[in-house]
Amino acid sequence: MPTPNILHLIATLAAGATIYVLQREARGRSLRPGQLFAALPFALVTAILLLAMQSPDSRQPVLWLSGLVAGMVAGVIRGLFLTLQLDRMYSRLRLPSGRDGLWAACVLTVSLLAAFGASLAGLGNPIPEAAATSAVAASAGYLVGRAGTLWRRSLTAPHSTLHQ
(Lines give C-alpha, C1' and ligand atoms only; values in the text may rest on other atoms or scores of the structure.)
Protein backbone atom coordinates (compact mmCIF):
# COMPACT_ATOMS: atom_id res chain seq x y z
CA MET A 1 0.00 0.00 0.00
CA PRO A 2 1.47 3.38 -1.00
CA THR A 3 2.22 5.87 1.76
CA PRO A 4 2.11 9.67 1.65
CA ASN A 5 5.44 11.37 0.94
CA ILE A 6 6.83 14.89 0.80
CA LEU A 7 5.46 15.45 -2.72
CA HIS A 8 1.93 14.94 -1.39
CA LEU A 9 2.58 17.68 1.16
CA ILE A 10 4.09 20.05 -1.41
CA ALA A 11 1.19 19.57 -3.83
CA THR A 12 -1.35 20.11 -1.04
CA LEU A 13 0.42 23.27 0.14
CA ALA A 14 0.56 24.57 -3.45
CA ALA A 15 -3.19 23.96 -3.85
CA GLY A 16 -3.83 25.76 -0.56
CA ALA A 17 -1.66 28.66 -1.69
CA THR A 18 -3.70 28.88 -4.89
CA ILE A 19 -6.88 29.29 -2.85
CA TYR A 20 -5.22 31.81 -0.52
CA VAL A 21 -3.94 34.01 -3.36
CA LEU A 22 -7.30 34.08 -5.15
CA GLN A 23 -9.31 35.15 -2.10
CA ARG A 24 -8.59 38.87 -2.57
CA GLU A 25 -9.76 38.72 -6.16
CA ALA A 26 -12.90 36.78 -5.19
CA ARG A 27 -13.84 39.44 -2.63
CA GLY A 28 -13.88 42.07 -5.37
CA ARG A 29 -10.87 43.95 -3.97
CA SER A 30 -8.61 45.92 -6.29
CA LEU A 31 -5.25 44.47 -7.29
CA ARG A 32 -2.35 45.21 -9.59
CA PRO A 33 -2.65 43.68 -13.10
CA GLY A 34 0.40 41.49 -12.42
CA GLN A 35 -1.37 39.91 -9.46
CA LEU A 36 -3.64 38.10 -11.92
CA PHE A 37 -0.72 35.70 -12.39
CA ALA A 38 0.13 35.20 -8.70
CA ALA A 39 -1.84 31.96 -8.32
CA LEU A 40 -0.68 30.36 -11.56
CA PRO A 41 2.68 28.96 -10.40
CA PHE A 42 1.00 27.25 -7.46
CA ALA A 43 -1.77 25.77 -9.63
CA LEU A 44 0.67 24.54 -12.27
CA VAL A 45 3.01 23.04 -9.67
CA THR A 46 0.04 21.19 -8.19
CA ALA A 47 -0.97 19.78 -11.59
CA ILE A 48 2.56 18.80 -12.62
CA LEU A 49 3.37 17.17 -9.28
CA LEU A 50 0.17 15.17 -9.40
CA LEU A 51 1.02 13.91 -12.87
CA ALA A 52 4.57 13.05 -11.77
CA MET A 53 3.38 11.15 -8.69
CA GLN A 54 1.21 8.74 -10.64
CA SER A 55 2.63 5.31 -11.31
CA PRO A 56 4.05 5.07 -14.83
CA ASP A 57 1.64 2.33 -15.88
CA SER A 58 -1.45 4.41 -14.97
CA ARG A 59 -0.11 7.81 -16.05
CA GLN A 60 -2.16 9.32 -18.86
CA PRO A 61 -0.24 12.35 -20.20
CA VAL A 62 -2.62 12.73 -23.16
CA LEU A 63 -5.62 12.89 -20.84
CA TRP A 64 -3.75 15.34 -18.58
CA LEU A 65 -2.78 17.53 -21.54
CA SER A 66 -6.31 17.46 -22.96
CA GLY A 67 -7.64 18.55 -19.56
CA LEU A 68 -5.13 21.39 -19.48
CA VAL A 69 -6.06 22.56 -22.99
CA ALA A 70 -9.82 22.27 -22.35
CA GLY A 71 -9.39 24.26 -19.15
CA MET A 72 -7.40 26.94 -20.97
CA VAL A 73 -10.10 27.28 -23.62
CA ALA A 74 -12.79 27.60 -20.95
CA GLY A 75 -10.64 30.14 -19.08
CA VAL A 76 -10.11 32.24 -22.20
CA ILE A 77 -13.84 32.26 -22.89
CA ARG A 78 -14.62 33.23 -19.30
CA GLY A 79 -11.92 35.91 -19.37
CA LEU A 80 -13.49 37.47 -22.45
CA PHE A 81 -16.87 37.88 -20.77
CA LEU A 82 -15.80 38.75 -17.21
CA THR A 83 -16.46 42.32 -16.05
CA LEU A 84 -13.20 44.21 -15.67
CA GLN A 85 -12.77 47.62 -14.04
CA LEU A 86 -9.40 49.30 -14.53
CA ASP A 87 -8.06 52.43 -12.85
CA ARG A 88 -5.19 53.58 -15.06
CA MET A 89 -4.10 56.33 -12.68
CA TYR A 90 -3.19 53.87 -9.92
CA SER A 91 -2.69 50.84 -12.17
CA ARG A 92 -5.30 48.82 -10.27
CA LEU A 93 -8.01 46.54 -11.52
CA ARG A 94 -11.07 44.95 -9.98
CA LEU A 95 -13.14 41.96 -10.99
CA PRO A 96 -16.58 42.57 -9.45
CA SER A 97 -17.74 39.06 -10.37
CA GLY A 98 -14.41 37.26 -10.09
CA ARG A 99 -15.36 34.40 -7.79
CA ASP A 100 -14.93 31.84 -10.55
CA GLY A 101 -11.16 31.81 -10.01
CA LEU A 102 -11.63 30.84 -6.38
CA TRP A 103 -14.12 28.14 -7.39
CA ALA A 104 -11.61 26.76 -9.90
CA ALA A 105 -8.98 26.68 -7.14
CA CYS A 106 -11.41 24.82 -4.87
CA VAL A 107 -12.11 22.29 -7.65
CA LEU A 108 -8.35 21.92 -8.07
CA THR A 109 -7.92 21.19 -4.35
CA VAL A 110 -10.84 18.77 -4.09
CA SER A 111 -9.68 16.92 -7.21
CA LEU A 112 -6.16 16.76 -5.81
CA LEU A 113 -7.45 15.23 -2.58
CA ALA A 114 -9.58 12.78 -4.59
CA ALA A 115 -6.54 11.73 -6.61
CA PHE A 116 -4.52 11.26 -3.43
CA GLY A 117 -7.34 9.24 -1.90
CA ALA A 118 -7.60 7.03 -4.99
CA SER A 119 -3.84 6.43 -5.14
CA LEU A 120 -3.49 5.78 -1.41
CA ALA A 121 -6.49 3.45 -1.37
CA GLY A 122 -4.67 1.22 -3.84
CA LEU A 123 -7.65 0.75 -6.15
CA GLY A 124 -7.08 -1.66 -8.99
CA ASN A 125 -8.95 0.69 -11.31
CA PRO A 126 -6.77 3.63 -12.51
CA ILE A 127 -9.75 5.59 -13.89
CA PRO A 128 -10.60 7.61 -10.71
CA GLU A 129 -7.01 8.75 -10.27
CA ALA A 130 -6.64 9.63 -13.97
CA ALA A 131 -9.95 11.53 -13.96
CA ALA A 132 -8.97 13.49 -10.86
CA THR A 133 -5.57 14.30 -12.36
CA SER A 134 -7.28 15.53 -15.53
CA ALA A 135 -9.64 17.69 -13.43
CA VAL A 136 -6.66 19.24 -11.63
CA ALA A 137 -5.02 19.99 -14.99
CA ALA A 138 -8.28 21.47 -16.31
CA SER A 139 -8.59 23.73 -13.25
CA ALA A 140 -4.99 24.90 -13.62
CA GLY A 141 -5.52 25.48 -17.34
CA TYR A 142 -8.70 27.45 -16.60
CA LEU A 143 -6.77 29.77 -14.28
CA VAL A 144 -4.00 30.22 -16.86
CA GLY A 145 -6.38 31.01 -19.72
CA ARG A 146 -8.49 33.34 -17.60
CA ALA A 147 -5.52 35.29 -16.23
CA GLY A 148 -3.90 35.66 -19.64
CA THR A 149 -7.10 36.91 -21.23
CA LEU A 150 -7.83 39.34 -18.40
CA TRP A 151 -4.30 40.72 -18.54
CA ARG A 152 -4.58 41.16 -22.31
CA ARG A 153 -7.93 42.90 -21.90
CA SER A 154 -6.46 45.18 -19.22
CA LEU A 155 -4.06 46.64 -21.78
CA THR A 156 -6.90 48.18 -23.77
CA ALA A 157 -9.69 48.47 -21.17
CA PRO A 158 -11.20 51.91 -20.61
CA HIS A 159 -10.44 53.81 -17.43
CA SER A 160 -12.85 53.66 -14.52
CA THR A 161 -12.20 55.27 -11.16
CA LEU A 162 -11.88 52.75 -8.36
CA HIS A 163 -12.56 54.02 -4.89
CA GLN A 164 -10.58 52.18 -2.22
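## Reading helices and a core in a predicted model

Biologist: Before we zoom in, how much surface does the protein chain expose, and what share of it do carbon and sulfur atoms supply?

Modeller: The protein chain exposes about 8600 Å², and 69% of that is supplied by carbon and sulfur atoms. Accessible areas here come from the Shrake-Rupley method with a 1.4 Å probe, and for residues only the protein chains shown count as cover. Keep in mind that this is a predicted model: local features need pLDDT of at least 70, side-chain atom pairs count only at pLDDT 80 or more, and totals for chains, interfaces and linings use all residues. Residues are numbered from 1 along each chain as its sequence is written, and side-chain values use heavy atoms, with hydrogens and water left out.

Biologist: Which pattern of helices and strands does the chain follow?

Modeller: Helices (H or I, at least four residues) and strands (E, at least two) are DSSP runs, numbered from the N terminus. The protein chain has five helices and two strands, in the order α-α-α-β-β-α-α. Its radius of gyration, taken over C-alpha atoms, is 17 Å, close to the 15 Å that the globule rule (2.2 Å times the number of residues to the power 0.38) gives for 164 residues, so the chain is as compact as a globular protein of that length.

Biologist: How do I check the length of a helix, say H3?

Modeller: The expected span is 1.5 Å times one less than the number of residues. Helix H3 (residues 61-81) has 21 residues and should span 30 Å; its end C-alpha atoms are 30 Å apart, which agrees. H2, with 14 residues, reaches 20 Å from first C-alpha to last, close to the 20 Å expected.

Biologist: And which residues of H3 are buried?

Modeller: The general idea is that an α-helix has 3.6 residues a turn, so residues three or four places apart point the same way. Buried means under 20% relative accessible area, exposed over 50%, partly exposed in between (1.4 Å probe, protein chains only). In H3, Trp64, Gly67, Leu68, Gly71, Gly75 and Gly79 are buried. Down the axis of H3, its buried residues fall within an arc of 100 degrees (taken from the directions from the helix axis to the C-beta atoms), so they line one face of the helix. Val62 and Phe81, on the other side of H3, are exposed.

Biologist: What do the buried residues of H3 pack against?

Modeller: They pack against helix H2 (40-53) and helix H5 (127-154), where contact means heavy atoms within 4.5 Å. The buried residues of H2 pack against helix H1 (6-26), H3, helix H4 (100-121) and H5.

Biologist: Which residues touch the most other members of the largest nonpolar core?

Modeller: In soluble globular proteins, nonpolar side chains tend to be buried together. A nonpolar core is a set of buried Ala, Val, Leu, Ile, Met, Phe, Trp, Tyr and Cys residues joined through side-chain atoms within 4.5 Å. Here the largest one has 36 residues, and Leu36, Leu50, Leu93, Leu95, Leu112 and Leu143 touch the most other members. H5 gives the largest share, eight residues. Leaving out residues up to four places away in sequence, Leu50 touches Leu112, Ala115, Phe116, Ala132, Thr133 and Val136.

Biologist: Is Ala15 buried or exposed?

Modeller: Ala15, in helix H1, is buried at 0% relative accessibility. Beyond its neighbours within four places, Ala15 contacts Thr46, Leu108, Thr109 and Leu112. Pro56 sits in the loop between H2 and H3 and is exposed, with a relative accessible area of 67%.
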